[in-house]
Every structure is written in structure tokens, then in C-alpha cells.
Amino acid sequence: MPDLTYADRPAAGEHGPADVETVCAAAQAAFDPYRSTDAQTRAAFLEAIGEEIVALGEALIDAACRESGLPRGRIEGERGRTVGQLKLFAGVLRSGDWMALRIDPALPDRAPLPRPDLRLRMVPLGPVAVFGASNFPLAFSTAGGDTAAALAAGCTVVVKQHPAHPDTGAMVAQAIRAAAARCGMPEGVFGELSGPGNDLGAALVRDPRIAAVGFTGSRGGGLALMKLAAERPVPIPVYAEMSSINPVILCPQALRARGAALGTAFVGSLTMGAGQFCTNPGLVVAIDGEGLDAFVAAAAAALPEVGAQAMLTPGIHAAYEAGTAALDAHAEVDLVAKGKVGEGVAQGRAAFFATTAQAFLADEALGHEVFGASSLLVRCRDEDELVAVLAAAEGQLTATLQMDAGDTPLAARLVPLLERKAGRILANGWPTGVEVAHAMVHGGPFPATSDGRSTSVGSLAIDRFLRPVSYQNLPAELLPDVLRDDAQGGAPVLIDGVRQ
């Protein structure tokens, strides 16, 4: 392949199959040199990316606001989160925990059989394809969590830019290239592809040099990528975050004590950002009673005061309109309230519906996501019916318990069920908002994600792009530096199962 420089590597625009070949070949050529860099070097690279993103200044904020329709404060916060994620993984690299070092020394005199010398570490998978998300033009896109985790793991990255924000993606890509050049990274450590339609992304996933995929988007999109990856001669993992309605359980004592306040707060969470969050509260489950009536009355009063908001793309808006229209037309669903009618293009009008537990259990479509500010209340007759509704729900990113002290017995009954259904369980909060932290899980059983054992947010996200290798009886000169007896740097290691 030709020797490309950062300046003449394909940039944002209309890319095709030849560009997939070029960028993936560059990513493969860079993989071994990049994975051989030490943790400190990669940590400095991640921090440099953050610095270059900040250096883009107001131009980046303006572009992201223009292309997404999101407010300035939201984009500024998202920029801070993007930089924070990069810093988080720089810290992960310096800690050394991610390598999961283990040494079981040889026991030549053990009877009846000797034990060989065994040493283990995690190694990067290879070039990773990352698909930018429509609803997070910075934090889940070009330099977002998937890219940060993959680069931290020692993988090279090829980003498929989302067509909804091409200028934003191109600017961030340039920041990554500038950081790579500044830190002396190998050519091809980062590449990008841009263009509408699905053919480009399909070609990227099919490319034999791609070793894993990170995706945030619709269930249909994630399933399509999973199918492509599984049909390859060498299948690869797809870490897709796809669909979640994030049930909120309103426990009886909490409803009796503060039903109206919960109704008002629910509307705030539901309509935040036009409901275009993967953790939006799309399902509310509660037992009938006066407290629930107060909740519904407060929500019904608050929602008509909420103005329509611009949705990310006309396509997303059209899908939202179709989803809410289907709920509105459903024989077993009642409309509780809608927000104000909007003026202009792709204005999403919030909607709140209600149904019975029997109807929800009879029609699995009522448990499917409507991406946007739409939610469905399921009224239950008793605790057993509430449990049945939650048991029938699909896998979720989050599940929330609104509870008071008197609700602890019910909550204790529900937590084991919710552990099977969701990646994050909240008490007395709202699911919108994901903290970037070591203990965060942003994942869950299918269809919330394609692999419920993983997370796309938090320091554990690096594990998706690593695999274990064990070295048996290798001479010291052939061992990785970190597994030698004279290893320097103090990375944590388990020796005979004891942490050192």
C-alpha cells in the first residue's frame, strides 16, 4: 500500500470501497507498532487528543450545535465528558490493572505431576471499527468512549462517521490526527470513513482486518452489523448498544408520599433533550391507587407545558412519529397527555400513554422502544402483576426504583429480578445521565446491548477490546517485559493467586 501521511489520509467526505481498503490496510499496518507502545505513551496520546479537542474551541461547539440541533450547554457538557473519558482511560493505563497480570510459578517437584510456569496478560484484539452515534456527536462518536477504550487497549481505530454531523466528526478526527502526529504515533493508528447509506459501514465490518466493532444506535442497525460480523469467514465481536426503555418502578409508599412530585420530575426526565437518550424512561410500572392517580395527574398537567424540541434528524423524527401514532391507535392504550405542538422541521412532541398489565403482557410490541420523549405507564393490580410485567420486559440498560423506607420488602423482592434484566439499578433518581466512572455499567442483556457482559461507559469498557494470552515455560528473554521476574513499573500482579 502507498505510504500515507496524516495530511493526505482520506478525510471527511464521500468515501467508497477503495477508501475502506486504504484505511483498513493502514490500521492493520499500524497495529503491531501501536500495541507495542507502553502504557505511559498511550496515556499521553489519549490526553493529547483531549487537549487538541479543547483547542478546537468555539468552532467545534458551533458545528455540533448546527448539525445536531442540540443546545449549546448540552454540547459544551458533552465536550467535557469526551475529554474526561480520555483522561479516565489514561489513568486506567497508568494503573496497570487492565493487563490482569497473573503468574503461577513452576512447581517441578509437585506430585503426581509437576506444574509448568504460567504467566498471563491481556493483549489488544486488533483494528476496531467504531460507528459514530446520532444522539451524541462528541461523547459517543469520533473520539467517544468506544474510540478511547480501543486506543487505550492498544487497538488501532477506524471510525465510520455518522452522516448527521459530518463537520463535527471531521473536526474531531483532525484533532486526533494532530495528537497522533504530536505524540509520534504510527501512521494508521486512527482512520475515518464518511458517507451516507449502509454500504460503507457494511464494507468496513466485512473487512478481514477489522477485529471488533463498537456501535451505538438502533436495534435494526445493531442486528444488521451483528449478522455481517457473524457471517464473515472469521467472525468478530460486535459491541452494540441498541434498544432500551429503562423501566421506572413506582413503589406504593413512595407514590403515597410524593406521587405528584414524582409525576413532575418524571416529565423533566422524559423530555430532556427531546427524549433522545438511550436511558430515557420509556416505561413506568406501578400498582393502582391514589398515589398513582396523583402521579398521573401531575404528569398530565406538566407535559402540555413542554414545548416540542428539534429531533436529531428527519429520519429519527419520522420514526418517533410512527411509534407514538401506533401507541395512540392501540385499542388497549390510552393517551394521558402530549406536549405542545412544534413549529419547524422535525419537532418532537412529547407523549405519555397508559395501559394495563394484562394488555402489556398480551402484546410484546408494547415493550419496544420508541426513541424520543415517549413513555408508557403500565397499571398493575398488585405486586404479583407488577413482577410479571417486569419479568416479561426485555433486557434494559437501566431499571429504577422510586421507593421509600416502607417499600424495602418489595424492592428486595425486585432487585434479583432487575439484576437479570438490567445493567444498572437506580434508587430514587432518574435514568437519564450516565456518570463516567470506574463503577459505571452502561450495558445490559439483549436487546439493550449485543453482549450483556460488557459496558460502553466506565473503565471496564477497555475489556471489550482485549483478550487473554497465557505463556507457558517461555524463556525470560521471550516473555513480555511486564511478565518477567525483574519487571519494572509496579503493575499489579497475581502470583499464585495472591495480589502483589
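**Entry 1: a glycine in a helix**

I started at G323, which sits in helix α11, residues 314-329. This is a predicted model, so I kept in mind that local features need a pLDDT of at least 70. Is G323 buried or exposed? I got a relative accessible area of 18%, and buried means under 20%, so G323 counts as buried. I then checked G323 against G372: the two are 49 residues apart in sequence, and their C-alpha atoms are 9.4 Å apart in space.

**Entry 2: α3 against α4**

Next I looked at how helix α3 (residues 58-68) packs on helix α4 (residues 72-95). The axes come within 9 Å and cross at roughly 125°. Angles from 115 to 145 degrees fall in the oblique class, so I logged α3 and α4 as oblique to each other. The crossing of α3 past α4 is right-handed.

Which residues of α3 meet α4? I listed E58, L60, I61, D62, A64, C65 and S68 from α3, and on the α4 side R72, I75, E76 and R79. Sorted by class, this contact has five nonpolar, one polar and five charged residues.

**Entry 3: α3 against α6**

I kept α3 and turned to helix α6, residues 166-182. Here the axes are 8 Å apart and the packing angle is about 150°. Over 145 degrees counts as roughly antiparallel, which is why I put α3 and α6 in that class. This time the crossing is left-handed.

The α3 residues I found in this contact are A59, L60, A63, A64, R66 and E67, and they meet P166, D167, T168, M171 and V172 of α6. The class split is seven nonpolar, one polar and three charged.

**Entry 4: H165, in the loop before α6**

I stepped back to the loop between β4 (157-160) and α6, where H165 lies. I get a relative accessible area of 2% for H165, so this histidine is buried. What does H165 touch, once residues up to four places away in sequence are left out? I noted E67, A133, S134, P137 and S141. E67 was already on my list from α3, as part of the contact with α6.

**Entry 5: the nonpolar cores**

I looked up the largest nonpolar core and found 116 residues in it. Which members touch the most others? I49 and F295 do. The largest share of this core comes from α4, with seven residues.

I followed up on I49. Leaving out residues up to four places away in sequence, I49 touches L86, A143, L151, I176 and A179. There is another core apart from the largest one, of 22 residues, and V23, V213, F215 and L228 are among them. As background, nonpolar side chains in soluble globular proteins tend to be buried together.

**Entry 6: P281 and its surroundings**

P281 is in the loop between α9 (252-271) and β9 (283-287). Its relative accessible area came out at 0%, so P281 is buried. I set aside neighbours within four places in sequence and wrote down the contacts: I245, N246, V248, F266, S269, L270, S375, P431 and T432. For a distance check I took A55, which is 226 residues from P281 in sequence and 36 Å from it in space, C-alpha to C-alpha.

**Entry 7: backbone oddities**

I then went through the backbone angles. For reference, most residues other than glycine have a negative phi, and most peptide bonds are trans.

N246, one of the contacts of P281, is not a glycine but has a positive phi of about 50°. It lies in the loop between β7 (238-241) and β8 (247-250). At 0% relative accessibility, I count N246 as buried. D496 also has a positive phi, near 55°, and is likewise other than glycine. I placed D496 in the loop between β18 (493-495) and β19 (498-499). Its relative accessibility is 44%, so D496 counts as partly exposed.

Where are the cis peptide bonds I noted? One joins A111 and P112, with omega at about 5°. P112 is in the loop between β1 (101-104) and β2 (118-124). Another runs from F446 to P447, with omega near 5°. P447 belongs to the loop between β16 (422-427) and β17 (466-472).

Terms used: Residues are numbered from 1 along each chain as its sequence is written. This is a predicted model: local features need pLDDT of at least 70, side-chain atom pairs count only at pLDDT 80 or more; totals for chains, interfaces and linings use all residues. Side-chain values use heavy atoms; hydrogens and water are left out. Axes are lines fitted to C-alpha atoms, for helices over the stretch in contact, and angles run from 0 to 180 degrees between N-to-C directions. Helices (H or I, at least four residues) and strands (E, at least two) are DSSP runs, numbered from the N terminus. Angles under 35 degrees count as roughly parallel, over 145 as roughly antiparallel, 65 to 115 as roughly perpendicular and the rest as oblique. A crossing is left-handed if the near helix is turned anticlockwise from the far one by less than a right angle, and right-handed if clockwise. Contact means heavy atoms within 4.5 Å. Ala, Val, Leu, Ile, Met, Phe, Trp, Tyr, Cys and Pro count as nonpolar, Asp, Glu, Lys and Arg as charged, and the others, Gly among them, as polar. A nonpolar core is a set of buried Ala, Val, Leu, Ile, Met, Phe, Trp, Tyr and Cys residues joined through side-chain atoms within 4.5 Å. Buried means under 20% relative accessible area, exposed over 50%, partly exposed in between (1.4 Å probe, protein chains only).
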